[in-house]
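User: I would like to learn how to read packing features in a protein model. Could you take me through them step by step?

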Amino acid sequence: MGSSSSSLNKIPNAQELMQETGFSAAHLLRLYERFEWLDRDNRGNLSPEDFEALGGLAMNPIGGRIICAFFSPGQDTMDFPSFVRILAHFRPTDRHRNKGGTQQELPNSRNRKLKFAFQLYDMDRDGKISREELLQVLRAMLGLQVTEEQLQSIAERAIKEADLDKDDAISFEEFKKSLEKVNIEEKMSIGFLQ
Amino acid sequence: MAALWTLPLLLSASLLGCLTLTPPNERPQPHNLPPSLGINSSDGSLSVDLPMALRVFSMDYHHVQAPFEIVLWIMLASLAKLGFHWSGRVPAVVPESCVLIMVGLLVGGVIYGVRHSAPPTLSADAFFLFLLPPIVLDAGYFLPGRLFFENLGTILWYAVLGTLWNVLGIGLSLYGVCLLAHSSLGDVSLLHCLLFGSLIAAVDPVAVLSVFQEMQVNEQLHILVFGESLLNDAVTVVLYKLFESFLRLPMVSGLDVLLGGCRVVVVGIGGLCVGLFFGLLAALTSRFTSRAQVIAPLFVFLYSYLSYLTSEMLHLSGIMAIVTCAVTMKQYVEANVSERSNTSIQYFLKMWSSVSETLIFIFLGVSTIQDVHMWSWPFVCSTLLLCLIWRATGVLLLTAVVNKLRRNAVTFRDQFIIAYGGLRGAICFSLVFLIDDFPKKRLFITTTIVVILFTVFVQGMTIKPLVELLDVKRKKRALPTVSEEIHSRLIDHLLAGIEDVVGYWGQHYWKDKFEHFNKKYLCRFLIRNDHQASSSILRVYQELERREQRGDEEEAPPLVDPRSLGRPLLPEEMESIRRILSRNLQNFNNKQTPAYSRHTLHQDTTVNRTRKPLYRHQSLGERSSYNTITHFPQGEDGALSEPQRARTGLSRSHTVCSISPRSTLLDSSVSAGSAPTRSMDPKAARENRVSPKQQETMERASRKHLSFVFENEKQQ
C-alpha cells in the first residue's frame with residue numbers, strides 16, 4: 001500500500017492510535033483520508049453537519065442516533081482520534097490473537113460492540129433502556145407502517161422478554177443476555193476494516 | 001365472470017372464421033366484375049349485385065386481412081388477460097402465463113381442428129424484432145438503478161458464470177445421454193448438444209417476471225433473478241451463434257474457441273456501447289422538446305428501438321443495448337420532459353410490454369399444436385432433469401462463493417427461489433426454430449416446448465407454495481425472540497450507517513466519481529437549463545415524489561387488541577408480532593423491499609401534487625455542498641434534546657408527503673408530524689413551519705400512505 005512513515009506523520013499520535021485500536025497503518029491512513037474528505041470546511045474536526053451530508057446516513061432511520069453516538073455528550077466537534085476510536089468498534093474480532101486477555105480490552109471486543117449498540121437506545125445515558133426509549137427506536141425503524149397500538153405491543157413484549165429484574169427497563173446486562181444467541185462479532189463488523 | 005370467458009371464445013371463433021374463409025390460393029377479384037346476379041361468397045367478397053349498378057354493400061376481406069388478423073390476435077390476448085383477472089380465485093393459484101398458454105393451446109387446437117393444418121406460428125423474426133423489445137425496454141426503464149448497480153457483481157457472476165456452467169453442463173451431459181441411447185439418438189453430435197444446451201439454459205426474463213408477480217419477492221432477490229435473466233442474454237445468444245457457426249465449419253480448432261470467447265466480450269460490450277450512444281442521444285434530444293411536448297415520449301421509444309435494431313444489425317446483443325439505453329436516458333429524460341409526458345412514457349411502456357408478453361404466451365400455446373413433433377423419452381426426460389439439476393448445483397456453488405464477498409448474504413430461501421425460478425420461455429422457443437435444419441431438429445423443438453411448458457406450468461405454479469413451506473420450516477426451526485429481532489435490525493441499520501461514514505472504499509469510490517462526473521458535465525449538457533436542480537436536495541425530493549406516485553401500498557396486518565397490553569400475550573398474538581417484525585424490519589437498509597408490481601403503475605395520483613413541493617423548496621436556502629440532503633437541527637449545546645432527536649430521527653425516513661390516515665402517530669407524538677420535508681427546513685424556520693406543513697400533509701393524508709421503505713432506496 002505504500003504508506004511510508006512520512007505520510008503517517010500527518011496523523012498525530014499515529015503509533016498510539018494503532019496500538020490502541022488495532023488498525024494497521026494502511027487503514028489508519030485511509031481513515032484519515034476519509035476524515036479529511038468528510039471534513040468539508042477543513043477545520044480539522046468533524047461536526048454533525050459533515051455527517052448529515054452523507055445521503056445514506058440521512059435516509060437511515062436511526063441516522064440521527066448514529067451521529068449522536070459518534071459525538072461524546074456535550075461535544076459538538078470530533079477530532080481524528082475520536083473518530084478512529086469509534087470506528088475501531090467495528091473491526092472484525094480477531095479470534096486467533098489471544099494476547100493474554102488481561103490487557104486493556106480491545107475496542108472491538110463483543111462487550112464493547114454491544115455497549116455501542118446499547119448506547120444507540122439509551123440516549124440519556126442512564127444505563128437503562130426505558131420503555132419510552134425502546135418505543136422511540138421502534139417508531140423510527142418501523143415508521144408509519146405500524147399503528148401505535150402495535151408498536152406498544154411489540155415494545156411490551158420485548159421488555160417482558162428481556163427484563164429479568166422486573167424494573168420495566170432493560171439494563172446493559174439484560175441487553176447482553178437477550179443477544180447471547182446472536183453472533184455479534186460477525187454482525188457488527190465491517191469486513192474491510194480488518 | 002363466465003360471460004367474459006365466452007368473449008375470447010367468440011373471438012377465436014371469428015378468428016378462425018376469417019382464417020378458414022380465406023382459401024389457400026387467393027385470387028383477388030377486381031371490383032368491377034362483369035355483372036353476376038346473386039350472392040357470391042366463394043372468394044370472401046360478398047356482394048349483392050344489381051346488374052350494371054353500383055354496389056351498395058360489399059365486403060372485401062383481403063384488403064384488411066393482415067392488420068385485421070393481427071388486431072384480432074391482440075384482442076384475443078387482451079381479453080383473455082382481462083378474463084383472467086376477473087376470474088376469482090384463479091390468479092391466486094395459477095400464474096397468468098399459464099392461463100395464457102392454455103388459451104393459446106385452446107385456440108391452436110380449434111384452428112388445427114378446423115383447418116387440419118398447423119396454425120400460424122410465431123416466427124422468430126416477429127418475436128425478436130417486434131415482441132421482445134417492448135418487454136425488455138419496459139424492464140430496463142423501470143430497473144431500480146441503484147440496487148442493480150450495487151448488486152452488479154453478483155448479477156454478473158450469476159449471469160456469465162452461471163450460464164456457462166449450465167450450458168456446458170447440460171450440453172455435455174446430454175451428449176452423454178445421446179451416447180448411451182445410441183440407437184435412437186446416435187446422430188446427435190456433440191456440437192448439436194452444446195447448441196441445444198446453450199439455448200435451453202437461458203433463463204427467460206419474460207417468464208420470470210410474470211411468475212414473480214404473484215410472489216412476495218423482496219427487491220434484492222427480484223433484481224438478482226431479473227438482472228441475471230437480462231444479462232445472460234449476451235452469453236446465451238453469443239454461445240448459440242458460436243455453436244451454430246461452429247456447426248457450419250468443417251472443423252473446429254482451438255483458435256476458433258478462443259475467438260469465440262473474444263466474441264462474447266465484444267458482443268456484450270458492443271451492445272453496451274450502442275445502448276449508451278443512443279441513450280445519450282435520446283437524453284440530448286429530450287432537452288429540446290419543450291416546444292413540442294406531445295411527441296416527447298415518441299423519442300424515448302424511437303431511440304430505444306433504434307438502439308435495439310442497430311445492435312441486432314451488427315450482431316451484438318440487442319437486449320443489452322436496449323437496457324443500457326433505457327437506463328442511461330432515464331434520469332435525463334425524466335428531468336427534461338413534462339410530468340404528463342413522463343406519465344405517458346410509463347403508461348405506454350407498460351401497455352406495450354403487457355401486450356407483447358401476452359401475445360408471446362398465447363403464441364407459445366398456439367405453436368405447440370403442430371405436425372412437427374418428434375418424441376423421444378430419454379432425450380426429453382433427461383433434458384428436464386438435467387436442466388433442474390445443473391441449475392440447482394450452479395446456484396448453490398456460485399452462491400457459496402459470492403456470499404463471502406457480499407454483506408447481505410443470499411439466504412437459502414433466496415437460493416431456492418433463484419434456482420427453482422429459472423423459467424424458460426419464448427427466447428428458447430424462437431432460438432430453436434432458427435437452427436439450421438438437421439435430422440433431429442424436430443426433436444429439439446419438441447423438447448424445447450416440453451421444457452418451457454414444464455417450467456412455466458409446474459415450476460410456475462408450485463414455486464409459491466414451496467416457498468411458503470420453506471418459510472414455515474424455517475420459522476419452526478429457529479424462532480428468534482422479539483428482542484433479538486429488534487436488536488438485530490437495529491444493528492443492521494447501525495452497520496449500514498457506519499458503512500456510509502467509512503465510505504466503503506472501492507465500491508462507493510466509483511459511484512461517487514460517477515456522480516461527480518454526472519453532475520458536472522452530463523447534467524449540464526443533457527438537462528434543460530431551467531430544470532437543473534439547484535441542489536441535490538431538490539433532485540432527491542423530485543425523485544421521491546415521483547416514486548411516491550408510482551408506489552404500492554402496503555397494509556400492516558391487524559394485530560392485538562390494545563386493551564390487552566396488560567396481560568401476557570397469546571401465542572397467536574406473538575406470532576403476528578413476529579410476522580410484522582420480520583416483514584417490516586427486514587427491509588430498509590438492505591433494500592429488501594417488495595418489488596414494484598409490473599402491471600400496476602400509479603395508484604391515486606393528483607396532478608397538482610408534484611408542483612407543491614417544488615414551490616415549497618424554492619424558498620429554501622441553497623446548500624451548495626455536494627451531497628447534502630438533510631439539515632440536522634440542533635440545540636445550542638450540540639446534544640439534542642429528546643423530542644428533537646426523535647423527531648429528526650423520524651423525519652429522516654419520511655421525507656415525502658402523505659401520512660397514513662389511520663396513523664395515530666400524528667396525535668401521539670410530535671415526531672410523526674415532522675414527516676414531510678422536515679429534514680429540508682433550515683433550523684430557524686422549522687418551528688414556524690411545522691403547523692402549516694402539518695395541515696398541508698393532513699389534507700393530503702386522505703391518499704395512500706408512503707411506504708416507509710422508499711426513502712432508503714434513494715441514497716445520496
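Analyst: Happy to help; we will go through cavities, aromatic contacts, nonpolar cores and backbone angles in this predicted model.

User: Let's begin with empty space. How many cavities of 30 Å³ or more does a search of the whole structure find?

Analyst: The general idea is that rolling a probe the size of a water molecule over the atoms shows where empty space is left. Here the search gives 10 cavities of 30 Å³ or more. Let's take the second largest cavity as our case, with about 60 Å³ of space.

User: Which residues line the second largest cavity?

Analyst: The lining consists of Tyr158(B), Gly162(B), Trp165(B), Asn166(B), Glu228(B), Arg391(B), Gly394(B), Val395(B) and Leu398(B). By character, these lining residues split into four nonpolar, three polar and two charged. Two elements of chain B, helix 7 (152-180) and helix 16 (377-402), each contribute at least two residues to the lining.

User: Now the aromatic rings, please. How do I read a pair?

Analyst: A pair of aromatic rings is described by the distance of the centres and the angle of the planes. Over all chains, the structure holds 30 aromatic pairs. In one of them, Phe90(A) and Phe116(A) meet edge-to-face, with 5.3 Å centre to centre and 85 degrees between the planes. This pair links distant parts of the chain, 26 residues apart: Phe90(A) is in the loop between helix 7 (80-87) and helix 8 (110-121) of chain A, and Phe116(A) is in helix 8 of chain A. Both Phe90(A) and Phe116(A) are buried.

User: What geometry do Phe301(B) and Phe348(B) show?

Analyst: Phe301(B) and Phe348(B) are also an edge-to-face pair, at 6.2 Å centre to centre and 70 degrees between the planes. Phe301(B) belongs to helix 13 (residues 296-313) and Phe348(B) to helix 15 (residues 339-368) of chain B, so the pair ties together parts that are 47 residues apart in sequence. Phe301(B) counts as buried because its relative accessibility is 11%, whereas Phe348(B), with a relative accessible area of 37%, is partly exposed.

User: Which residues form one aromatic cluster?

Analyst: Tyr32(A), Phe35(A), Phe51(A), Phe70(A), Phe71(A), Phe80(A) and Phe83(A) do. Rings can also have a charge over them: the charged end of Arg91(A) sits over the ring of Phe23(A), 5.7 Å from its centre. In chain B, Lys330(B) lies over the face of Tyr141(B), at 5.7 Å from the ring centre.

User: Turning to the largest nonpolar core, which residues touch the most other members?

Analyst: Among its 124 residues, Trp73(B), Phe127(B) and Leu132(B) touch the most other members. Helix 11 (residues 219-248) of chain B gives the most to this core, 14 residues. There is also a second, separate core of 68 residues, including Leu17(A), Phe35(A), Leu114(A) and Ala155(A). Phe35(A) thus links two parts of our tour, as a member of the aromatic cluster and of this second core.

User: Last, backbone angles. What is the phi of Asn42(A), and is Asn42(A) buried or exposed?

Analyst: Asn42(A) has a positive phi of about 55 degrees although it is not a glycine. Asn42(A) is found in the loop between helix 3 (25-38) and helix 4 (48-52) of chain A, and counts as exposed because its relative accessibility is 65%. Chain B offers another case: His315(B), likewise not a glycine, has a positive phi of about 60 degrees. His315(B) is in the loop between helix 13 and helix 14 (318-336) of chain B and, with a relative accessible area of 46%, is partly exposed.

Definitions and conventions. Residues are numbered from 1 along each chain as its sequence is written. Chains are lettered from A and ligands numbered from 1 in the order in which they are written. This is a predicted model: local features need pLDDT of at least 70, side-chain atom pairs count only at pLDDT 80 or more; totals for chains, interfaces and linings use all residues. Side-chain values use heavy atoms; hydrogens and water are left out. On a 1 Å grid over the protein atoms alone, a cavity is a set of points where a 1.4 Å probe fits but cannot get out, and a pocket is an open set with protein on both sides within 12 Å along at least five of seven lines; lining residues have an atom within 4 Å of a point. Grid points are joined across faces, edges and corners, and a volume is the space filled by probe spheres set on the points. Helices (H or I, at least four residues) and strands (E, at least two) are DSSP runs, numbered from the N terminus. Ala, Val, Leu, Ile, Met, Phe, Trp, Tyr, Cys and Pro count as nonpolar, Asp, Glu, Lys and Arg as charged, and the others, Gly among them, as polar. Rings of Phe, Tyr and Trp (its six-membered ring) pair if their centres lie within 6.5 Å; planes under 30 degrees apart count as stacked, over 60 as edge-to-face and the rest as tilted. Buried means under 20% relative accessible area, exposed over 50%, partly exposed in between (1.4 Å probe, protein chains only). A charge sits over a ring if NZ of Lys or CZ of Arg is within 6 Å of the ring centre and within 35 degrees of the ring normal. A nonpolar core is a set of buried Ala, Val, Leu, Ile, Met, Phe, Trp, Tyr and Cys residues joined through side-chain atoms within 4.5 Å.
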